Amino acid sequence: MTGLRRHTLVWLSQVPETETPDDRARATAWHQAERPFVVTRRRNESAPLGLGFCTTEAAHPELRPRRVAAWADADRIVRQARPPALAEVARCPAAQARADCFGRLRAAAMGAGLDIRVYGSWMWQALTGERHVHEASDLDVVIDVPGLEAANHAAVFLAREEQGLAFRIDGELSFPGLGEVQWREILQDRDEVLLKSVDTLQLVPRARLNR
């Protein structure tokens, strides 16, 4: 275990490893621009830290952004941060066309006492200023929750607020020390949920989320 959570942003002292020379070149350019990589699930327990980033081709804006997998030892991390807050993403130029939706969601989250963080395409859009979102892009969110009661509160909130938005809300609830569960799963009446972490992907009893 590294103590890191999925979706954490990390800045590295060296360029991470990649599968191909072309992706290595992309990772080098990304690193030289002092951009963060995002922590993902490692391939196996003995593998280095899993990382990812998402690039665009300036000469071909019609192409979909390319997701690149990478990996590095955790001791290469020089700085880390949680994903950007909803308020930060709402300020990016691409979000202005949906300012009313972002504004309503921000206000509702503040009223509910929820700290919504954003990952995925909207995060990369806000961090890079490049074109990562399109008309049908979901808003991927992650909310820290201490246990099942808070998770239920957050999931009910997201389901309710999504109804009045111009985009779908996707994402996860993060149980510190355990991992993440898709928020829609929390609303389902099942004894087990799929728990994702830096190290594992497993079905666990719902009650385990209350440790």
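Which residue takes a positive phi just after H4? In this predicted model, the residue in question is Gly-129, which follows directly after H4 and has a phi of about 75°. The helix that precedes Gly-129 spans residues 120-128, and seven of its nine residues are buried, so helix H4 is largely enclosed by the rest of the structure. The buried residues of H4 are Gly-120, Ser-121, Trp-122, Met-123, Trp-124, Gln-125 and Thr-128, a list that holds two tryptophans, Trp-122 and Trp-124, and both of these reappear in the description of the aromatic side chains below.

Five aromatic pairs are counted in the model. In one of them, the rings of Phe-102 and Trp-122 have their centres 5.2 Å apart and their planes at 70°, and because planes over 60 degrees apart count as edge-to-face, the pair is assigned to that class. This pair links distant parts of the chain, since Phe-102 belongs to helix H3 (residues 99-112) and Trp-122 to helix H4, with their positions 20 residues apart in the numbering. Phe-102 has a relative accessibility of 1% and therefore counts as buried, and Trp-122, with a relative accessible area of 2%, is likewise buried. Phe-102 also forms an aromatic pair with Phe-167, in which the centres lie 5.2 Å apart and the planes meet at 40°, an arrangement described as tilted. Here too distant parts of the chain are linked, for Phe-167 is found in the loop between helix H5 (148-162) and strand E9 (169-175), 65 residues apart from Phe-102 in helix H3. Both Phe-102 and Phe-167 are buried.

Elsewhere, Trp-30, Phe-37, Phe-53 and Trp-124 form one aromatic cluster. Trp-30 is in addition approached by a charged group, as the charged end of Arg-35 sits over the ring of Trp-30 at 5.0 Å from its centre. A further arginine, Arg-79, lies over the face of Trp-11, at 3.7 Å from the ring centre.

In soluble globular proteins, nonpolar side chains tend to be buried together. In the present model, the largest nonpolar core has 38 residues, and those with the most contacts inside it are Phe-102, Trp-122, Leu-139, Leu-173, Phe-175 and Leu-209. Several elements each supply at least two residues of this core, among them helix H2 (86-90), H3, strand E8 (139-144), H5, E9, helix H6 (183-186) and strand E11 (192-196), and the largest share, six residues, comes from H5. The surroundings of Leu-139 give an example of how the chain comes together here: leaving aside residues up to four places away in sequence, Leu-139 touches Leu-86, Phe-102, Leu-105, Val-118, Trp-122, Phe-167, Arg-168, Ile-169 and Asp-170. A second core, separate from the one just described, has 24 residues and includes Ile-77, Trp-124, Val-142 and Val-198.

The strands were examined next. Six of them form an open sheet with antiparallel pairing, in the order E2-E5-E4-E3-E1-E6. Strand E2 (17-18) and strand E6 (77-81) stand at the edges of this sheet and have a single partner strand each, so that one side of each is left without a neighbour in the sheet. Within the sheet, strand E3 (residues 37-40) and strand E4 (residues 49-55) run antiparallel and are joined by three bridges, and the bridge partner of Thr-40 in E4 is Gly-50. Arg-67 has its place in strand E5 (residues 66-72) and is exposed, with a relative accessible area of 76%. Arg-67 touches Phe-53 and Cys-54, when residues up to four places away in sequence are not counted; the C-alpha atoms of Arg-67 and Cys-54 are 4.4 Å apart in space, although the two residues are 13 residues apart in sequence.

Finally, the cysteines were considered, and the count of disulfides comes to zero. The closest cysteine sulfur to that of Cys-54 is in Cys-92, and because the two sulfurs are 14 Å apart, they are too far for a bond. Cys-54 is buried, with a relative accessible area of 7%. Cys-92 is also in no disulfide, the nearest cysteine sulfur being that of Cys-101, 14 Å away, and Cys-92 is itself buried, with a relative accessible area of 6%.

Conventions
Residues are numbered from 1 along each chain as its sequence is written. This is a predicted model: local features need pLDDT of at least 70, side-chain atom pairs count only at pLDDT 80 or more; totals for chains, interfaces and linings use all residues. Side-chain values use heavy atoms; hydrogens and water are left out. Buried means under 20% relative accessible area, exposed over 50%, partly exposed in between (1.4 Å probe, protein chains only). Helices (H or I, at least four residues) and strands (E, at least two) are DSSP runs, numbered from the N terminus. Rings of Phe, Tyr and Trp (its six-membered ring) pair if their centres lie within 6.5 Å; planes under 30 degrees apart count as stacked, over 60 as edge-to-face and the rest as tilted. A charge sits over a ring if NZ of Lys or CZ of Arg is within 6 Å of the ring centre and within 35 degrees of the ring normal. A nonpolar core is a set of buried Ala, Val, Leu, Ile, Met, Phe, Trp, Tyr and Cys residues joined through side-chain atoms within 4.5 Å. Contact means heavy atoms within 4.5 Å. A disulfide is a pair of cysteine sulfur atoms within 2.5 Å. Two strands pair if DSSP finds at least two bridges between them.
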